[in-house]
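Colleague: I've got a new structure open and I'd like to learn how to read it. Could you walk me through a few features?

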Amino acid sequence: MKPILAVLSDGVQSDDLFVAREVKLPFFSSEFHFHEECQLVHIVKGSGKRIIGDLVDYFESGELIFLGSNIPHVWHNTQEQPNEDDPEHYAHSLSIHFNPSKLLMNLSAFGNIRKVESFLSKAQRGMELKGKSRDMVIKLMYQIVQQEGLQRIITLLEILNIMSADPEHNLLASINYINYYQYHDSKRMDQVFKYIFDNFREDISLNTIADVANMNTFAFCRFFKARTQKSFTQFVNETRIGYACKLLSNKDNSITDIAYECGFNNVSNFNRFFKVIKKVSPRQYRNQILS
């Protein structure tokens, strides 16, 4: 499978081992893609929906995600248009990319690399870092984009050491997830995802979404299921539930209002799908995050 390489912006600091960059844009601008390089991403400012493997979820400022090789991903900002003349409200991220094969080859000269290999293999599902490890890594990321020479490599190794020892990380894609995407799928799937993310609060008919993909409904269903490993209806419901989780963090939002705001036509369906996806009821979820 030919990977779709991320395009790095001009002015990125680089060396033979990795690249580090800080990005401020009105929107996170990448399309749905995957690449051989591992990627560490800190969302300094921004919110919206993201896809990592087969996980559809809502993201907000502050998260720290580590992606292993060839896991499809994208961050889509919310629909509201920022003022392009006001950089204070731009989407803002820090990221590090490195080739895992090159890293392991260089590290092998210094000793046993099995622990690092195991960690990078696990990261092929994507992981979100939490707690003290997250805070330490973010601090080092701010340092690394300003550093030069050997000190940058030392900082990268510090980051890897912290992440590989972190007991609090959450794996994101499901344990059986397999990347079935191919190069020519990327643009079509990105158009489909953007349409869903912009319209999930409304009923999206199968005919409508098939037209977005420029396919008939039967071909679209097969295409979508083969690549996401879930049905179109399941994907839409997961998008709605991800948004519901964000709204539930505000105790002033009633569960009934949230159900309709997320696109469900009755509260019973909302409660049922929420429990299937999150394994707890909306009320239990709210109690957990606000306790």
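Modeller: Sure. Let's begin with one term: a residue counts as buried when its relative accessible area is under 20%. Keep in mind, too, that this is a predicted model.

Colleague: Okay, let's try that on a strand. Which residues of E8 are buried on one side and which on the other?

Modeller: On one side you have Ala91, Ser93, Ser95 and His97, and on the other His92, Leu94, Ile96 and Phe98; all are buried, and both faces of E8 are covered. Strand E8 spans residues 91-98, and eight of its eight residues are buried, so the strand is largely enclosed by the rest of the structure.

Colleague: What does E8 pair with, and how do I read that?

Modeller: The general idea first: strands of a sheet pair through backbone hydrogen bonds, either parallel or antiparallel. Here, E8 pairs with strand E2 (residues 18-25) in the antiparallel sense, over eight bridges. Look for Val23, which stands opposite Ser93 in E8. Strand E3 (residues 38-45) also pairs with E8 in the antiparallel sense, this time over seven bridges. There, His42 stands opposite Leu94.

Colleague: Got it. In what order do the strands of the open sheet with E4 run?

Modeller: The order is E5-E4-E7, three strands with antiparallel pairing. The edges are E5 (55-59) and E7 (73-77), each of which pairs on one side only. On average, neighbouring strands in this sheet are turned by 20° against each other, ignoring direction. For a closer look, take E4 (residues 48-52) and E5: they're joined by five bridges, and Ile52 has Leu55 in E5 as its bridge partner.

Colleague: And which helices sit against that sheet?

Modeller: One is H5 (residues 186-199), which lies across E4, E5 and E7 and runs at about 40° to E7. Another is H8 (residues 232-248), which packs on the sheet and touches E4 and E5; its direction makes about 25° with that of E5.

Colleague: How do I describe a helix packed against another helix?

Modeller: You give the angle between the two axes and the distance between them. Try H8 and H11 (residues 282-290): their axes come within 10 Å and cross at roughly 50°. That angle makes H8 oblique to H11. The crossing is right-handed.

Colleague: Which residues make that contact?

Modeller: From H8, it's Cys245, Leu247 and Leu248; from H11, it's Pro282, Tyr285, Arg286, Ile289 and Leu290. Sorted by type, that's seven nonpolar, no polar and one charged.

Notes:
Residues are numbered from 1 along each chain as its sequence is written. This is a predicted model: local features need pLDDT of at least 70, side-chain atom pairs count only at pLDDT 80 or more; totals for chains, interfaces and linings use all residues. Side-chain values use heavy atoms; hydrogens and water are left out. Two strands pair if DSSP finds at least two bridges between them. Helices (H or I, at least four residues) and strands (E, at least two) are DSSP runs, numbered from the N terminus. Axes are lines fitted to C-alpha atoms, for helices over the stretch in contact, and angles run from 0 to 180 degrees between N-to-C directions. Contact means heavy atoms within 4.5 Å. Buried means under 20% relative accessible area, exposed over 50%, partly exposed in between (1.4 Å probe, protein chains only). Angles under 35 degrees count as roughly parallel, over 145 as roughly antiparallel, 65 to 115 as roughly perpendicular and the rest as oblique. A crossing is left-handed if the near helix is turned anticlockwise from the far one by less than a right angle, and right-handed if clockwise. Ala, Val, Leu, Ile, Met, Phe, Trp, Tyr, Cys and Pro count as nonpolar, Asp, Glu, Lys and Arg as charged, and the others, Gly among them, as polar.
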